[in-house]
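These are my notebook entries on a single protein chain. I set down what I looked up, entry by entry.

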Amino acid sequence: MNRRIKIIISVTGIIFILSIIFSIIVLRPSESHIAEIVQNGEVIYTFDLNTAPNQTIKIEASNGSSNTVTIEDGEIFISSAECPDKTCVNSGKLKSDGLPVVCLPNRLVIRFRR
């Protein structure tokens, strides 16, 4: 093998290892149990998921559409949305500090408090 191929293999290996480390850090479960629902940059609800009762909250957006947020068995997620792509619904339950549940058309974010 010539030197150029060795460098390419080494750089590819380093990028692969760094990607795995980054994924582990971002996807690790949150230690916080305090969830916030943020709309237009303002916290509108705060819940302690350890003590919050099972409930469903309908949140209206300024564009006329809405999201339904569900708290069930200590987990929070968007169960339905009136947005075109439904990415927020497909995101599933909030598990990690690094991956909030986001509905961009309705400017809604569910995240763990830091």
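Is Lys 58 buried or exposed? I found Lys 58 exposed, with a relative accessible area of 53%. I note at the outset that the model is predicted.

**Entry: the partner of Lys 58**

I looked up the salt bridge of Lys 58 and found Glu 60 as its partner, with the closest N and O atoms 4.0 Å apart. Glu 60 has a relative accessibility of 47% and therefore counts as partly exposed, since exposed requires over 50%.

**Entry: the sheet**

I then turned to the strands. Three of them form an open sheet in the order β3-β4-β5, with antiparallel pairing. Strands β3 (55-60) and β5 (75-81) stand at the edges with a single partner strand each, so one side of each has no neighbour in the sheet. From one strand to the next, the twist averages 25 degrees.

I checked the pairing of β3 with β4 (residues 66-72) and recorded six bridges in the antiparallel sense. Within this pairing, I traced Ile 57 to its bridge partner in β4, which is Val 69.

**Entry: Ser 66**

I next examined Ser 66, which lies in strand β4. Its relative accessibility is 3%, so I entered Ser 66 as buried, the limit being under 20%. What does Ser 66 contact beyond its neighbours within four places in sequence? I listed Lys 58, Ile 59, Glu 60, Ala 61, Ala 81, Glu 82 and Asn 106. Both Lys 58 and Glu 60, the salt-bridge pair recorded above, are thus among the contacts of Ser 66.

**Entry: Val 89**

I located Val 89 in helix α2 (residues 87-90). Val 89 is partly exposed, at a relative accessible area of 25%. Leaving out residues up to four places away in sequence, I found Val 89 touching Ile 78, Ser 79, Ser 80 and Ala 81. For Ser 79, I also looked up the C-alpha separation from Val 89: it is 5.7 Å, with the two residues 10 apart along the chain.

**Entry: the other salt bridges**

Side chains of opposite charge can pair when their charged atoms come close. I counted four salt bridges in the model.

Glu 75 forms one with Lys 93, where the closest N and O atoms are 3.0 Å apart. Glu 75 lies in strand β5 and Lys 93 in the loop between α2 and β6 (101-103), so the pair ties together parts 18 residues apart in sequence. I found both ends partly exposed: Glu 75 at 27% relative accessibility and Lys 93 at 33%. I also noted that salt bridges with shared partners join Glu 36, Arg 111 and Arg 113 into one network.

Within that network, the side chains of Arg 111 and Glu 36 meet at 2.9 Å, N to O. I placed Arg 111 in strand β7 (residues 108-112) and Glu 36 in strand β1 (residues 34-39); the pair links distant parts of the chain, 75 residues apart. Is Glu 36 buried or exposed? Glu 36 is buried, at 9% relative accessibility, whereas Arg 111 is partly exposed, at 31%.

**Entry: a nonpolar patch**

Finally, I looked for nonpolar surface and recorded a patch of about 790 Å². Its members are Ile 14, Phe 16, Ile 17, Leu 18, Ile 20, Ile 21, Ile 24 and Ile 25. I located one of them, Ile 14, in helix α1 (residues 3-27).

Notes
Residues numbered from 1 in each chain as written. Predicted model: local features only at pLDDT ≥ 70, side-chain atom pairs only at ≥ 80, totals over all residues. Heavy atoms only, no water. Patch = residues over 30% accessible without salt bridge, like charges linked within 9 Å, V, L, I, M, F, W, Y side chains within 5 Å. Areas by Shrake-Rupley, 256 points an atom, 1.4 Å probe, with all protein chains shown as cover. Helix = DSSP H or I, 4+ residues; strand = E, 2+ residues; numbered from the N terminus. Pairing = 2+ DSSP bridges. Axes fitted to C-alpha atoms, helices over the stretch in contact; angles between N-to-C directions. Buried < 20%, exposed > 50% of the residue type's maximum accessible area, 1.4 Å probe, protein only. Contact = heavy atoms within 4.5 Å.
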